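Hi,

Here is the structure I promised to pass on. Have a look at it first, and then read my notes underneath.

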Amino acid sequence: MTDEAKSKRLRSKLDFGVTWAESTSLLRGLGYSKSELERPRVCIMNSWSEMHPGHIHLREIAQCVKNGVREAGGLPFEFNTITFCDGIALAGAEYLLPGRDLITNEAQFILDAHRFDAVVFLATCDKIVPAFLMAAGRVNIPALLVTGGYMQPGYYKGKDITFVDVGKTISHFNEKKIDRNEVEQIIDHACSPGGACPLMGTANTMCLISEAMGMSLPGNATASAYGAPLRELAAQAGRRVVEMLAEGLTPRQIITRPSVENAIRATMAFGGSTNSLIHVPAIAAEAGIEESVSLFDKSSKETPLLVGITPNGPHTMRDLERAGGLSAILKTLGDKIHQECLTVNGKTIGENIADARVLDPEVIHSADHPITHEGAICIVYGNLAREGAAVKQSAVPAKLMAHRGPARVFDTTADAIQGLRDGKVRAGDVVVIRYQGAKAGPGIATTFSFTSELAGSNLADSVALVTDGRFSGATEGACIGYVSPEAAMGGALAAVQDGDIIEYDIPKRTLNIGLSDAEIHERLRNWRSPIQYRTGYLGIYQALVQTLSNGYILKGGQKET
């Protein structure tokens, strides 16, 4: 990098004065040489934790990144952010989505307060990946994301098993299909340390989205957590971010409306999580792009489902890597992808996928013979969801693609689980779990524990769920979530009573309750919101969180460029 380029692009370069003198003295005290302190300063923003199986290997990956930064003439500094595993932190589930925005703000704080010149983010799982992409768009210094790869599937009784099989064991046990010993055997064999659970949950969805959007190096999203390719990619990322600084390449040149559309179309093709519905608009918003969730439904109608990774089909992420990875999916989508979009390696998406090919058509189907002709996620509307609700149609049993049945109403997930166990939920019912939205949850509480027990029960293909909460990307069944407006904000879901008839039709994109607008209004006339505002950060989140349409970002959070 020339001296002129340094003075133009290095935020860390201070004019001679008191601030320069003090900071230089302190850094010299840490052992850095004068020549090192003249280099571009690159933040290695790690989300490693001893209590996070998806991130447990990221210390090693960070070292690979730092080696690459030094090779390219940069000076790396490693920072850690807060992190959490959704599966382990379920007792504190109300913190999960608020945690995304807290990490985004923490990242901005670190990057701006220390005037870093560039950043490499390290993350693997659910909320942390979108949090870092949001921060990248907001701070807008040269940045790329290294995602931590996938976990190897477990093995039990002659077949691969994953985290999604664990939840089903409880219903199997309650229905006396298996004994306690078998439950514990599945628990013991399903998960291993390092990487995202090898199914198509939110973690792998967001890693694939990062690559599809151009913010990760090609091949990163489908690399095994413990393979050599991931370590080489990490070192390459360290070298590349220094080059990006010299080129002046920043996230807002990469995260554009066309690249956001690419990410959404890719999500439809690989059967991604419904949680992409809240994270992609949030990433777009932080990059200065206003995007509507309606684009998900438009893309779903125009994009075939090409991949069946569990729970959408029989395969795991290991199969997808061997079949050609994301590049092969994007190549198969052809002109449905904006080929001209720029990526972090300085090439366009079109250039990156030019030589890609499908190595196993049983895993990545052709566009002419897809699994289904529509994508994974769709948006339904009606008098029960005037602003929309989401369903992962690729995981819905055929007999429940359209359904009409009586409501069975619960105000907590725990009550719904107990109702399922006690036989209060019957075949044909539409279970309603409400007051789980962003304001009331707070942070869109997960109903995954209920959907897991339902999926493992004998009611799996005869009961539907409607909730203003969310569920895991690994959820299977007729589960409609993110009903907006949420019940606690006076949405129609608050008016539902046991026995009311709820009717939905996923192909027609409808979700309705058999009440007139006048009847809904009358039921809500004397209704009072049950929102309980919390103390501390959760209370701040409840006061500032916005709506589904912009990914539930916090009001006033976006940074102007």
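**Salt bridges, sheet and cores**

E243 is partly exposed, with a relative accessible area of 39%. Its salt-bridge partner is R240, at 3.1 Å from N to O, and R240 counts as buried at 7% relative accessibility. The two sit three residues apart in helix α9 (residues 228-247), which is about one turn of the helix. Before you read on, bear in mind that this is a predicted model.

The count of salt bridges comes to 30. One of them joins R318 and D160, again with 3.1 Å from N to O. That pair ties together distant parts of the chain: R318 is in helix α14 (residues 317-323) and D160 in strand β6 (residues 159-161), 158 residues apart. R318 has a relative accessible area of 19%, so it falls under the 20% limit and is buried. D160, at 34%, counts as partly exposed.

R404 and E503 make another salt bridge, with their closest N and O atoms 3.8 Å apart. Here too distant parts of the chain are linked, strand β9 (residues 402-410) with strand β13 (residues 501-505), and the residues are 99 apart. R404 is exposed at 55% relative accessibility, while E503 is partly exposed at 43%. There is also a network: salt bridges with shared partners join D297, K301, E374 and R509.

Now the sheet. It is open, has four strands in the order β2-β1-β3-β4, and pairs in parallel. β2 (75-80) and β4 (143-147) are the edge strands, each pairing on one side only. On average, neighbouring strands are turned by 20° against each other, direction ignored. Helix α5 packs on this sheet and touches β1, β3 and β4, its direction making about 170° with that of β3. Between β1 (residues 41-46) and β3 (residues 118-123) there are five bridges, and V42 has A118 as its bridge partner in β3.

What about the cores? The largest nonpolar one has 118 residues, and F121, V146 and I329 have the most contacts inside it. α5 (residues 128-139) gives the most to this core, nine residues. Leaving out residues up to four places away in sequence, F121 touches several residues, including M45, L111, F132 and V146. A second, separate core has 36 residues, among them V380 and I531.

Last, helix α8: is it mostly covered or open? Covered, with twelve of its twelve residues buried. Its end C-alpha atoms are 16 Å apart, which agrees with the 16 Å expected for twelve residues at 1.5 Å a residue. G214 follows α8 and has a positive phi, near 100°.

Cheers

Note on methods:
Residues are numbered from 1 along each chain as its sequence is written. This is a predicted model: local features need pLDDT of at least 70, side-chain atom pairs count only at pLDDT 80 or more; totals for chains, interfaces and linings use all residues. Side-chain values use heavy atoms; hydrogens and water are left out. A nonpolar core is a set of buried Ala, Val, Leu, Ile, Met, Phe, Trp, Tyr and Cys residues joined through side-chain atoms within 4.5 Å. Buried means under 20% relative accessible area, exposed over 50%, partly exposed in between (1.4 Å probe, protein chains only). Contact means heavy atoms within 4.5 Å. Two strands pair if DSSP finds at least two bridges between them. Axes are lines fitted to C-alpha atoms, for helices over the stretch in contact, and angles run from 0 to 180 degrees between N-to-C directions. The expected span of a helix is 1.5 Å times one less than its number of residues. A salt bridge is a side-chain nitrogen of Lys or Arg within 4 Å of a carboxyl oxygen of Asp or Glu.
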